[in-house]
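I open these notes as a newcomer, and I mean to look up a few things in turn and write down what I find.

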Amino acid sequence: MSVKKLFDLSGKTALITGGSRGLGLQMAEALGEMGAKVAITARKAAELEEASAHLSKMGIESLTVVNDLQVSDSIKPMVEDVLKAFGQIDILINNAGAAWGAPAEDHPLDAWQKIINLNLTAPFLLSQTVGKLSMIPRKYGKIINIASIAGLVGTDPGFMPTIAYNSSKGGVVNFTRSLGAEWATHNITVNAIAPGVFPSKMSKGMIDRAEQYIMDQTPMRRLGGDEDLKGLALLLASDASAYMTGQIIAVDGGFSSV
Amino acid sequence: MSVKKLFDLSGKAALITGGSRGLGLRIAEGGRDTVSRSAGAGADAWLRLPLK
């Protein structure tokens, strides 16, 4: 098969959580450009509509679903809505996430639970539901979890103390390995992207506080950009990565390499 | 930039060691599909170099 064909997503459908902006929208653009229909979810309808209009201008067919992943009971109906519209889900990108900055000794329990619930439990429930309703019966699936370099190592407390975020992303890293092994025989690959620091609503406070530190620690001396996740997202969403599973790949300008 | 453009290797040149067969040849074929010219340096070629 030609390498162009390996990267072709014509006839595929993707569900991307947190797809209305930032990294999620960037990945929706990449998958849509290569032929996939994309369902994007977020909490805010207005932002979803704006993203959908943006994708439509690029010639990408999209479906928007307003959903709060903190509400576990809402996940199955949301997946069923997407299946009703698209018939199948070939690609799932667990992208939605949140962070909380507080010293461990003072970290509020409710904030800890919120971060673990959104960053780790929701990807588990979504993968479980999409797997059971579509990927396992069809013997095909590509799951991409958005981890973080904060899931690979601890964070310098002088930078920002984010114990719940680091713990949740560390969980995503090993969730990826474990699910990848468990579902390999179903022809479902499960891999993770570990982004470094990309400008976003979530990272704004951190960048404002420690931009110079981030630059000093990043060999490429820049933050992540609007196109920096596209290539890897496409690789992991396509048949070009058919023999890859359980892997965590950093996209961080070299931050985690030094 | 479009993702197709990000993967486009038009105008690029690649040097692939061990490119005459196996993994090296497969990688060279992938580059060809995205319009690069590949120069493979296989182990056999090294073995044929005159010894000094």
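Before counting anything in this predicted model, I fix the term I need: a residue is buried if 20 or more other C-beta atoms lie within 10 Å of its own, and exposed if 12 or fewer do.

Entry on chain B. By that criterion, 4% of the 52 residues of chain B count as buried. I find 3 helices and 2 strands in chain B, and along the sequence they follow the pattern α-β-α-β-α. Among its contacts with a separation of 6 or more, I note that 42% are between residues 24 or more positions apart.

Entry on strand β2 of chain A. I looked up residues 37-42 and found that 6 of the 6 residues are buried. On one side lie K37(A), A39(A) and T41(A), on the other V38(A), I40(A) and A42(A), and both faces are covered. I remind myself that side chains in a regular strand alternate between the two faces of the sheet.

I then followed the pairing of β2(A), which runs parallel to β1(A) over 5 bridges, with I16(A) bridged to I40(A). With β3(A) the pairing is also parallel, over 5 bridges, and here A42(A) has V66(A) as its partner. Helix α2 joins β1(A) and β2(A) in a right-handed β-α-β unit, and β2(A), helix α3 of chain A and β3(A) make a right-handed β-α-β unit as well.

Entry on L125(A). I place this residue in helix α5 of chain A, residues 109-138. L125(A) counts as partly exposed because it has 19 C-beta neighbours inside 10 Å. Leaving out residues up to four places away in sequence, I find that L125(A) touches S72(A) and I75(A).

Note on methods
Residues numbered from 1 in each chain as written. Chains lettered and ligands numbered in written order. Predicted model: local features only at pLDDT ≥ 70, side-chain atom pairs only at ≥ 80, totals over all residues. Helix = DSSP H or I, 4+ residues; strand = E, 2+ residues; numbered from the N terminus. Contact = placed C-beta atoms within 7 Å. Pairing = 2+ DSSP bridges. Right-handed = clockwise from strand over helix to strand, strands pointing away.
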